[in-house]
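Biologist: Before we discuss this model, I would like each label in it to be traced back to a value and a cut-off. Could you take my questions in turn?

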Amino acid sequence: MDPFTQKYIEGFMGDVLARNPGEPEFHQAVREVVESVAPYVTANPHLMDQKILERMVEPERIVIFRVPWMDDYGEVRINRGFRVQASSAIGPYKGGLRFHPSVNLSIMKFLAFEQTFKNALTTLPMGGAKGGSDFNPRGKSDAEVMRFCQSFMTELYRHIGPNVDVPAGDIGVGGREIGFLFGQYKRLKDEFSGTLTGKGLGWGGSLLRPEATGYGLCYFASQMLETRGQSFEGKRVNISGAGNVAQYAAQKAMRLGAVVQTLSDSDGFIYDPAGLTEEKMNYVFELKNIRRGRIKEYATHFPGVTYTPGERPWGIPCDIALPCATQNEIEKADAEKLVAGGCICVAEGANMPSTPEAIRVIQGAGLLYSPGKASNAGGVATSGLEMSQNSMRQHWSAEEVDAQLRRIMSDIHSACLRYGTNPDGSVNYVKGANLAGFIQVAAAMYDQGLV
Ligand code: NDP
């Protein structure tokens, strides 16, 4: 990198750190993008003059609000709600809601920032946003979750709408929560519109939306493997998480012929050397989505399975790693274990699951590596398809949605190759994804003037 661009990056990051103190996840996400796009920015003086990148790191709007609710024992509880509307350059704000005790402004800002580039990569007209609360749905009754969702929406409803901002699910927000949120939105606004995605099939949802992130991840990883003449067939796959993304990544990887060895939650991981089967998958769906149990129960239910509390699955030798739980869940030591265990491909289902140090280890060892904003974009892409169906008042078949999902993932892969192929023929998917997303958003911002 030339000294001018290097100096530009350091100056830029110095300002970001000074203006956003105590937000390490946001700093991490911004640095990754800035390092990829800075050579393009410094080579295009009109982007420098218009301070396009400086504007991108300043969300268009942030709403922080009180969410009071009453638990089943009559005790008053107070949580904090967030919506970060990062960019509306190419469409209405769009991005999930996360309910997890770790939620804070830094995490919301990093997710909204990432979402802007991811949504651009899908080529669908969606801006970037993210929201959520430090509410922990774990251990709460359905009635408590409903009261919380209703209180949350009682503030959020004034900031969203089908042409303004369209939230969806994320960690801790699945079909049940989207239902409660949608019901309250409809009641407050007195309108039935596609303001949320991930809706139930009988009331505006799209076929394949629950499957989309995990399936899309496997479609993308298949294309990565293909660049080296490989496929999922017969490969050992380690997956972290046991939620929405992990479940459908596991199902698709298994159906593509892989041996899915691990799943996890925040308490530990299970290792099943024989691999998942359709029967075992059905057990996981029932365990996690209906009984809302813990993944360790899998190990007592099926023979030959071990459960390791307090650890992540990266020490188990595998060919393909699909992190599908949360940010920074692959640290440097985990990456070293993956490399030592013979892994050839790390494709991210979660958002920013690998630390910068881990990425350096993975890329340095020549593994195929894709950032979440490229490989997990199938979820938001299918949310975009749900929005289209809502606008047209139509319902597409699963085959139609799947065909579009495959095409979009393939287009994202091609964009990564176009912008990320190195002179030696290897592919830097981080650079490719960041640059492809950035160029599109930057061009729209330039056209729309100083807003
Ligand atoms: P879910 O809530 O359905 O599942 C999350 C899973 O990750 C659970 O097994 C959970 O375990 C585990 N997990 C959460 N936090 C931690 C933590 N701090 N440490 C270890 N394990 C943890 O969420 P999703 O599957 O929807 O989301 C998973 C990831 O995928 C997130 O990074 C999300 O942003 C990303 N993503 C999701 C999309 C979607 O369509 N849902 C789209 C694109 C990205 P536990 O039960 O113990 O909390």
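Biologist: Why is Gln85 called buried or exposed, whichever of the two applies?

Modeller: In this predicted model, Gln85 has a relative accessible area of 1%, and buried means under 20%, so Gln85 is called buried. Gln85 lies in strand S2, which covers residues 76-87.

Biologist: What makes the link between the side chains of Gln85 and Asp165 a polar contact?

Modeller: The distance joining these two side chains is 2.8 Å, and a polar contact requires a pair of N or O atoms within 3.5 Å, one able to donate a hydrogen and the other to accept it. The side chain of Gln85 also makes a polar contact with the side chain of Arg61, at 2.7 Å. Both Arg61 and Asp165 are listed among the residues that Gln85 touches, a list that leaves out residues up to four places away in sequence and also includes Tyr93 and His159.

Biologist: Why is Met70 called partly exposed?

Modeller: Met70 has 41% relative accessibility, and partly exposed is the class between under 20% and over 50%, so Met70 counts as partly exposed. Met70 is placed in strand S1, residues 61-70, and together with Val76 and Ile78 it forms a nonpolar patch on the surface, with about 300 Å² of accessible area together.

Biologist: Why is Arg292 called partly exposed?

Modeller: Its relative accessible area is 43%, and a value between the limits of 20% and 50% is called partly exposed, so Arg292 falls in that class. Arg292 sits in the loop between helix H10 (278-290) and helix H11 (296-301), and its phi is near 50°, a positive value in a residue other than glycine.

Biologist: Which polar atoms of Thr213 and Asn244 lie close to an oxygen atom of the ligand, and at what distances?

Modeller: For Thr213, a polar side-chain atom lies 2.7 Å from an oxygen atom of the ligand, whereas for Asn244 a polar backbone atom is 2.9 Å from an oxygen atom of the ligand. A polar backbone atom of Val245 is likewise 3.0 Å from an oxygen atom of the ligand. Taken alone, the ligand exposes 890 Å², of which the protein buries 82%. Helix H8 (209-226), helix H9 (244-255) and strand S7 (259-265) are the elements that give two or more residues to the shell around the ligand.

Note on methods
Residues numbered from 1 in each chain as written. Predicted model: local features only at pLDDT ≥ 70, side-chain atom pairs only at ≥ 80, totals over all residues. Heavy atoms only, no water. Patch = residues over 30% accessible without salt bridge, like charges linked within 9 Å, V, L, I, M, F, W, Y side chains within 5 Å. Areas by Shrake-Rupley, 256 points an atom, 1.4 Å probe, with all protein chains shown as cover. Salt bridge = Lys/Arg side-chain N within 4 Å of Asp/Glu carboxyl O. Helix = DSSP H or I, 4+ residues; strand = E, 2+ residues; numbered from the N terminus. Buried < 20%, exposed > 50% of the residue type's maximum accessible area, 1.4 Å probe, protein only. Contact = heavy atoms within 4.5 Å.
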